[in-house]
Amino acid sequence: MPDLFSPYTLKGVTLRNRIAMSPMTMYRSVDGRMGDYHLMLLGSRAAGGFGLVFPEQIAITPDGRTGTCCAGLWDDAQVEGLARICALVKEMGAVPAIQLGHTGRKGSEQKPWEGKRQIAPDHPDGWQVRGPSALPYGGRYTYPVQELSIPEIHALHRAYADAARRALAAGFEWLEMHFAHGYLGASFFSPLANQRTDAYGGSLENRLRFHREAMDAVRAVWPERLPLTMRLGSDDFHPDGVQFDDAVWAVGELKRHGLDLADLSLGMNTDDLREPPFSQAAFMVERGSRVRRECGIPVAVSWNLGTPAIADRVIREELVDLVFLGRPALANPHWPVWAARELAQDDPFSLLPQDWSWWLHNRPGSENSHGWPAPAASR
Ligand SMILES: Cc1cc2nc3c(=O)[nH]c(=O)nc-3n(C[C@H](O)[C@H](O)[C@H](O)COP(=O)(O)O)c2cc1C
């Protein structure tokens, strides 16, 4: 029976444990490039014991960013910053993963702490947002949306492939396509955002065409030995939006197009959520487990999994294959070490670089002398 600290192999890649740092958008890039801030953020999580480490969503085109200070990979000049991160993450024993995406009608946004409102297209930090249909999201996303033409959709698929080629050159070993959270992939899948009458809209089959073609374009340049995964907006929590049954069908379809693992998250195609589950622990796990069973594909989920006993249980019970941690990874760069202590694993400090763990193993002191509380079981 696996536990949270069992190694995990997918295709030609082995993770040292089942704990991933989930992609989290930061607002610290200049011209889409990643710098020392990102090296610090991601290197420290790899040093803290995470098995898989994602930077934020990386935009395939400039208008695919959340804001002008977010990262991208539409230009060769953006490879170097990411290559530095890959090298450090690997040196610290983790596997570097990349999430490629496009924000669609939810782009051109202020930083969260500046209000998170959409910025006007004619403002120097704003742009004309694009989506499957000319339907604004509403709420704080107020500006008109331009409907993508079919040649523009094909150009986006080429942009996915070009970004994937650059990701490989940078040293990434795991590629996730971001089709969740109300961004472009999520909005093509959802009737709340997609009201096209051509081959990319209408039936469920048509609403998944964008994803199938994007995945085919990426799979053609991304080596078979490396995992290709996606984060899917699997439920809109709205009667007129994506229902979870749609997601189960979509995962089965995309598996035939080379999908190696499904990371299931929320649609977020509307703010009008009916009975949102945000306050429940581990609320995506049951859904993930259904996809794992019915589609016969490995599954990862995030959302409220920061309690070690819960994260361990969902792996032990083989409900999901990996746990993705967002906010817990921001709160504690050493979350895996802390969890290993809480779960009474042998030698939690072995997750740290040897330069640190040697001292923690070899210098006597009281239980708390190195600044960690004693594990819960012994308190
Ligand atoms: C600061 C921040 C930025 C995020 N940015 C992204 C992102 O770029 N891509 C994505 O798929 N999810 C993003 N998320 C969602 C997280 O990856 C994760 O799915 C979510 O926070 C739930 O996990 P948690 O309960 O462990 O935080 C972000 C979350 C936070 C807190």
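The shell around the ligand in this predicted model holds seven nonpolar, eleven polar and three charged residues. In total, 21 residues surround the ligand, and S22, M24, Q57, G326 and R327 come nearest.

**Annotated region.** An unreviewed UniProt entry annotates residues 3–344 as "domain: NADH:flavin oxidoreductase/NADH oxidase N-terminal". Over residues 3–344 the chain is 33% helix and 14% strand. The end C-alpha atoms of that stretch are 12 Å apart.

**Strand β6.** Seven of the seven residues of β6 are buried. V95, A97, Q99 and G101 point one way. P96, I98 and L100 point the other way. Two strands pair with β6, as tabulated.

| Strand | Residues | Bridges to β6 | Direction | One bridge pair |
|---|---|---|---|---|
| β4 | 52–53 | two | parallel | L52 with V95 |
| β5 | 57–59 | three | parallel | A59 opposite G101 |

**Helix α3.** How far apart are the end C-alpha atoms of helix α3? They are 30 Å apart. That agrees with expectation, because 21 residues (150–170) at 1.5 Å a residue should span 30 Å. Buried residues in α3 are I153, L156, A159, Y160, A161, A163, A164, R166, A167 and A170. Their cover includes β6 (95–101) and β9 (174–179), along with α2 (79–91) and α6 (209–219). After α3 comes G171, with a positive phi near 110 degrees.

Strand β6 thus appears twice: its own residues are buried, and β6 is among the elements covering the buried residues of α3.

Key: Residues numbered from 1 in each chain as written. Predicted model: local features only at pLDDT ≥ 70, side-chain atom pairs only at ≥ 80, totals over all residues. Helix = DSSP H or I, 4+ residues; strand = E, 2+ residues; numbered from the N terminus. Expected span 1.5 Å × (residues − 1). Buried ≥ 20, exposed ≤ 12 C-beta atoms within 10 Å, placed from the backbone. Contact = placed C-beta atoms within 7 Å. UniProt positions renumbered as here; feature names shortened; annotations may be inferred. Near = placed C-beta within 6 Å. Nonpolar A, V, L, I, M, F, W, Y, C, P; charged D, E, K, R; others polar. Pairing = 2+ DSSP bridges.
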